[in-house]
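Colleague: I am new to reading structures and would love a close look at one single part. Could you walk me through the place where the ligand sits?

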Amino acid sequence: MQTETTPGTMLKAMREKPPLVQCITNYVAMNIAANVLLASGASPAMVHAAEEAGEFAGIANALTINIGTLSTQWIAGMHAAAKAANAAGKPWVLDPVAHYATAFRRSAVAGLLALNPAIIRGNASEIIALAGGESRGQGVDSRDPVEQAEESARRLAERQRAIVAVTGAVDFVTDGERAVRVAGGSALMPQVTALGCSLTCLVGAFAATAPEDLFGATVAALATFAVAGEDAALGAAGPGSFSWRFLDALAAIDAETLDARARILSA
Ligand SMILES: Nc1ncnc2c1ncn2[C@@H]1O[C@H](COP(=O)(O)OP(=O)(O)OP(=O)(O)O)[C@@H](O)[C@H]1O
Ligand SMILES: Cc1ncsc1CCO
Ligand SMILES: [Mg+2]
């Protein structure tokens, strides 16, 4: 599928042929991430057990791995799935939730980085720390601005030969050479837990749709969230009503609206 790769054309292509996305994500995110994928037009499957994660990665069109609620058994499933995806030539996406917080997480994320994720999506604190910088992060929420993470993102992208997406008020995406910013969204988004984790799963869905343009696929997922976030914020009374309005907004966005409203700026 190599045509004009705007976010809108990718969204349309995804809905025409919904990708099966294996999401190894945390207990907090599982429900909202699955609903985000369904609303966007992809097909989620939360399959993480070591006994089956590798086999399922052979069937799925995309794989995303998030370390939010870790255990030794989950890490075994993550490794099996990432190895199977690599063997099948399917790009996979890493979400390094609070990887700086404990020795267990640091070691888990090092093991996963060695399995060559094609795309890494995290908040600013996570990306700064992953590149070896001084992050203010403690738990799962970012305590650093995205601008502070841009150089870290470039370094990490070069080192890992991966696309790195830093999300926050204005998102930043780089492959180490190219870089863009994606504006939009709403300040209510970080008030709803696991929207970043859900976005990681949506990045996987777009990557399955456009494996030949992973940079464009990442930007398309972020732009979809940015536009849907703006729509959901209209009339939302707070994080609760924002949350359900966000699913409705994702389902309502069409390709033309996305292309007309996406605010993608070269950086
Ligand atoms: N202040 C903000 N204004 C607009 N959009 C925002 C803001 N903060 C975050 N977002 C958007 O929220 C979404 C999730 O990004 P965020 O950086 O909050 O992820 P995260 O910290 O990994 O979240 P979680 O760990 O809870 O899943 C992205 O689409 C991002 O653009
Ligand atoms: C709150 C929380 N704790 C572990 S994972 C997660 C979801 C947001 O990253
Ligand atoms: Mg996160």
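Modeller: Happy to; here is a tour of the surroundings of ligand 1. Please keep in mind that this is a predicted model. Let's begin with the site itself: ligand 1 sits in the largest pocket. Two elements each give two or more residues to the shell around the ligand, namely strand 5 (119-123) and helix 8 (195-209). Of these, helix 8 provides the largest share of the shell, with four residues.

Now look at the residues one by one. In total, 19 residues surround ligand 1. Asn123, Thr167, Asp171, Gly196 and Cys197 are the closest. If you sort the whole shell by class, you find 10 nonpolar, seven polar and two charged residues.

Next, zoom in on the oxygen atoms of the ligand. One partner is a side chain: an N or O atom of Arg121 lies 3.0 Å from an oxygen atom of ligand 1. The backbone takes part too. A polar backbone atom of Gly168 is 3.2 Å from an oxygen atom of ligand 1, and for a polar backbone atom of Gly196 the distance to an oxygen atom of the ligand is 2.9 Å. Each of these pairs falls within 3.5 Å, the cut-off for a polar contact.

Finally, step back and ask how much of the ligand is covered. On its own, ligand 1 has 630 Å² of accessible area, and the protein covers 88% of that. As you turn the model, try finding Gly196 first: this residue is among the closest to ligand 1, and its backbone offers one of the polar atoms we just met.

Conventions:
Residues are numbered from 1 along each chain as its sequence is written. Chains are lettered from A and ligands numbered from 1 in the order in which they are written. This is a predicted model: local features need pLDDT of at least 70, side-chain atom pairs count only at pLDDT 80 or more; totals for chains, interfaces and linings use all residues. Side-chain values use heavy atoms; hydrogens and water are left out. A residue is near a molecule or strand if one of its heavy atoms lies within 4 Å of it. A polar contact is a pair of N or O atoms within 3.5 Å; within protein, one must be able to donate a hydrogen and the other to accept it, and residues adjacent in sequence count only if both atoms are side-chain atoms. Accessible areas come from the Shrake-Rupley method with a 1.4 Å probe; for residues, only the protein chains shown count as cover. On a 1 Å grid over the protein atoms alone, a cavity is a set of points where a 1.4 Å probe fits but cannot get out, and a pocket is an open set with protein on both sides within 12 Å along at least five of seven lines; lining residues have an atom within 4 Å of a point. A molecule sits in a cavity or pocket if more than half of its atoms lie within 2 Å of its grid points. Ala, Val, Leu, Ile, Met, Phe, Trp, Tyr, Cys and Pro count as nonpolar, Asp, Glu, Lys and Arg as charged, and the others, Gly among them, as polar.
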